[in-house]
Amino acid sequence: MTWERQHVWLGPETTSFEEPCEACLFARDSLAAETCVIHGTLRRDADVGFMTCRRGHRIVVHRIARPLARAL
Ligand SMILES: [Zn+2]
């Protein structure tokens with residue numbers, strides 16, 4: 001079974017997060033739940049980032065639209 005990339009969405013001020021890896025949660029047998037958690041960071045000026053959970057699943061981190069301070 002293959003998994004599409006998972007997506008995590010962060011608010012405008014968020015620079016770090018902890019999210020469960022759904023693929024790990026699905027696949028785990030004897031794994032403790034905490035081993036499925038992804039600890040990630042995203043620079044405040046970055047809109048998207050990529051990371052890999054400790055079991056190799058791909059995670060895409062998105063920053064949701066920030067307030068219109070720099071609007072068109
Ligand atoms: Zn995973």
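How many helices and strands are there in the chain? In this predicted model, the count comes to 1 helix and 5 strands. Going along the sequence, these elements turn up in the pattern β-β-α-β-β-β. Of the 72 residues in the chain, 14% count as buried. As for contacts between residues at least 6 apart in sequence, 44% of them join residues at least 24 apart.

A word on confidence comes next. The mean pLDDT for the chain is 84, and 78% of the residues score at least 70. Ranked by element, helix H1 (residues 22-27) sits at the bottom with a mean pLDDT of 86, while S4 takes the top spot with 95.

Now for the sheet. It is an open one built from 3 strands, which line up in the order S1-S5-S4 with mixed pairing. Strand S1 (6-10) and strand S4 (48-52) are the edge strands, each pairing on one side only. From one strand to the next, the twist averages 25°.

The mixed character shows up when the two pairings are taken in turn. On one side, strand S5 (residues 58-63) runs parallel to S1, and 5 bridges link the pair. Along this pairing, His7 sits across from Val60 in S5, and Leu10 faces Arg63 of S5. On the other side, S4 and S5 run antiparallel, again with 5 bridges joining them. Here Met51 has Ile59 in S5 as its bridge partner. S4 and S5 also make up a hairpin, with 5 residues between the two strands. Within that turn, Gly56 has a positive phi of about 95°.

Arg5 deserves a closer look. This residue belongs to the segment before S1. Arg5 counts as exposed because just 10 other C-beta atoms lie within 10 Å, and the cut-off for exposed is 12 or fewer. Even so, Arg5 has partners from far along the chain: its C-alpha atom is 6.7 Å from that of Val60, although the two residues are 55 apart in sequence. With neighbours within four places in sequence left aside, the contacts of Arg5 are Arg58, Ile59 and Val60. Two of these names have already come up in the sheet: Val60 stands opposite His7, and Ile59 is the bridge partner of Met51.

Conventions. Residues numbered from 1 in each chain as written. Predicted model: local features only at pLDDT ≥ 70, side-chain atom pairs only at ≥ 80, totals over all residues. Helix = DSSP H or I, 4+ residues; strand = E, 2+ residues; numbered from the N terminus. Buried ≥ 20, exposed ≤ 12 C-beta atoms within 10 Å, placed from the backbone. Contact = placed C-beta atoms within 7 Å. Pairing = 2+ DSSP bridges. Axes fitted to C-alpha atoms, helices over the stretch in contact; angles between N-to-C directions. pLDDT = per-residue confidence, 0-100.
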